[in-house]
Amino acid sequence: MTGRAYIAATGLISPLGRGTALNGRALQDKLGGLRPLACFATPDGPSLPAGEILGTLDPSAPSRTHALARLAAGQILETHSRPPDAVVLGTTTGGLSRTEILLAQGVTDPADYRFHGVNTVAEDLARLSGCSGPVLTISTACSSGAVAIGLALEMIRRGQARRVLAGGVDCLCRLTYYGFRSLLLIDPLGARPLDRERKGMSVAEGAGLLLLTADPPAEPGCVLLGAGLSCDASHPTQPHPDGLGARKAMERALADAGLGPGEIDYINLHGTGTPDNDLAEAKAVHQLFGPSSPPASSVKGAWGHPLAAAGAMEAALATDCITAQRIPPTAGLLHPDPRLNLNSPSASRTVPVERILSNSFGFGGNNAALVVGITPGGAHVPAARDTALEILEWGCITGAGPTEATLAALRRGRSCSGQLPLKQVTAPLNPRSIRRLKRLPCLALALAAHICRNGAQPAPQAVCLGTGWGAMSETHSFLTRLFASDYAFPSPTDFIGSVHNAPAGQIAMHHGATGANITTSGGDYSFEQALMAADLTAAREPGPCLLLGADEAHPALTPLFDPSVSAQASLADGGGGLLVQAARVPRGEIIRPRFYRQADRPRETLEHLVQVLTEQAPLARQYGAVLAGIPAAEQDRGEAQTRIFRSLTRYGGPLISYRRFTGEFATAAAVAAVLAADLTRRGYVPAALAGGNRVALDGRGILILGLGAYVTAMEVVRR
Amino acid sequence: MSDLIDELKIKILEALDLPDVTPEEITADSELVGGDLGLDSIDILEIVMMLEKEYGVRIDNRELGAQVLVSLKTLAAYVEANQAAPAQ
């Protein structure tokens, strides 16, 4: 069950300074990093305390978030310059700090927004580190960094990568500062976690990165022993009142590390300082650890809460706790809250620390816990169990309508491009339960409702959702109202809905899915990333996983952000999803990720793809049709890649450019996956779609290629 | 006071976009949170924002919000006592 990854190096930048050891010492000395904002003005009144990183950041970086990520990465790359095999990064802000200014100024040139996407930060790190392999972006609010590290660990266990750069980053920006203000979750005196007088958190920024390796590094250090993911499935922002989701994440992390509660020496709490979080987390700790819980503290009274970066920064800090044998005190804690009854040091302690549990929780009830420990002698990374994802059900939505309307149009070779009116999207949903939701969460909930409609299959336990752009309507509405009111009246509802993982959190609430809840965002490859996340995590769930891809087209923002949409005459959106279950001996249709690499060297990347795909058998013996996703902005490159693919494989069967039918939206690949499942079950590709002649699959599957800046491959086959 | 209660009723329904609630269904003593209206903590935050915008009444922490937003009657009393400018 268990296997570990070595932490070969760490990178950390916080409001207290740069470097992991420096932060360990600063926290020990009870230095504080909370102060009024300097990076932007607050016209609504005096700034609330925040955790800002002072000093000049890289002016060539596309945004503050990119700059912070580069600083943390630089600390690792200066001593470990060999390119990693993969980058897995958690972030919620991406290029938002720049986008906010551009939108406020009314800038309408899409070129200025090309670094808006959350995926652009991980891609920047991939360029910086020379990584051509998978680049995954996780956006699960304040658990993002920890979730990213958990997925990276699993990639190493599965042998998919031997070196992974993983972590999280977020910068201070108007949306997060005013968003948390509108939720009345900011302590006007600065965060005082665990204190009986605590009033909330302090918004902050920072970056934390780990270089995880399968092979032991030259100098023995720490290891990542395990990770646990869960979802409260109870409320969009508040933790489960009894901390059930937090407890489940911690339990899973311990089980994953092969440890019992008695073997943990220190708990690095999520400990934001909000009354609800600290109480729910303390309850979860007591339920799991009983009367003899280990020392526990929060660093968020010193750093503030750096959102997506928090879990990764705290994982980096855990290595310092173990190396220096010290536990940081909880800064800001003067009068311990007796209701929490936690064993929290008020001054730094020097104690034997060998194993640390580190918690991170976020909006959408999203929970992650990591276990970091010392290197044991002779540690190795065993291969994990090999499973495949059986497809139990599927559903999709496009301009043509829900599942069967879309599939019927596609089988006739007709376009289903467009935007289904919201009233039709929400037809299967209870109006009261969606009264605060805008288009993307409605699309996601409707997809889940269509897929789970007849209740014949077990209820989903986990959710993996890919979205290229997230909740555009909520983001637009929040910023518009914020600017129009001169920063006085931010909307709490829009802020809650603006996080990328809000739709997946809604699905969890509606379907009681308390397992892993992962939102990926990789531009045109977001669904492919969600499939990789599902493939890495589904085997740990007791029931199926809803694997989805969805995007909304927003008339103002989508043409600015998505270069493939900028030149389109009309908008298209929708998505698709599969209910999948990990099985050792799969039956029926299965879906499998087969390839994901940057297309930096056109011919070599395609040669690599073909080598991977044809390892066992020639292409034409495996697949009866190829569905190719060529984003409009990548038309020339995609067509060149198609020609190289044909010439390398001598594949002469149908190669269907599916965006012609689905329209241009980032997760059109999810609709292609549903079409592939439908056709594979039918056993043929209709003539109208195959380009003239009906193609019998004869037991062969369908290959779904993603082309353009990245080259990806997924397969749907029948067993 | 009763004029203010009627006005608050309308403004709350506008701010919350409640599809299945009519002004007649809310009385001065109706429980705002957790009662038949089914308002939750996010609705309360929207009401807090509306109060600041429409009446210049600021509620800057959740404890105060919970005390003030018991019913329309308690809310109207708080608005009357703390209003910065007369209601439009």
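This passage walks through the nonpolar core, one strand and its partners, and a single helix residue in a predicted model.

A good place to begin is the interior. The largest nonpolar core holds 261 residues, and those with the most contacts inside it are Ile149(A), Leu212(A) and Ala673(A). Helix 24 of chain A, spanning residues 668-682, gives the most to this core, with eleven residues. Because domain 1 (5-374) and domain 2 (388-718) of chain A both give residues to this core, it lies between them. The surroundings of Ile149(A) can be followed by eye: leaving aside residues up to four places away in sequence, Ile149(A) touches Leu210(A), Leu224(A), Ala315(A) and Leu370(A), among others.

Leu370(A) also leads to the next feature, since this residue of strand 15 of chain A stands opposite Ser358(A). Strand 14 of chain A (residues 355-362) is mostly covered, with eight of its eight residues buried. Arg355(A), Leu357(A), Asn359(A) and Phe361(A) are buried on one side, while Ile356(A), Ser358(A), Ser360(A) and Gly362(A) are buried on the other. Strand 14 of chain A pairs with strand 15 of chain A (residues 366-374) in the antiparallel sense, over eight bridges. In the hairpin of these strands, three residues lie between them, and Gly364(A) takes a positive phi near 75°. Strand 10 of chain A (residues 266-268) runs parallel to strand 14 of chain A, joined by three bridges, and Tyr266(A) stands opposite Ile356(A).

Lastly, Glu404(A) belongs to helix 11 of chain A, residues 403-411. Glu404(A) counts as partly exposed because 13 other C-beta atoms lie within 10 Å. The C-alpha atoms of Glu404(A) and Val463(A) are separated by 23 Å, the two residues being 59 residues apart along the chain.

Notes. Residues numbered from 1 in each chain as written. Chains lettered and ligands numbered in written order. Predicted model: local features only at pLDDT ≥ 70, side-chain atom pairs only at ≥ 80, totals over all residues. Helix = DSSP H or I, 4+ residues; strand = E, 2+ residues; numbered from the N terminus. Buried ≥ 20, exposed ≤ 12 C-beta atoms within 10 Å, placed from the backbone. Core = buried A, V, L, I, M, F, W, Y, C linked by C-beta atoms within 7 Å. Domains from an automatic or database assignment. Contact = placed C-beta atoms within 7 Å. Pairing = 2+ DSSP bridges.
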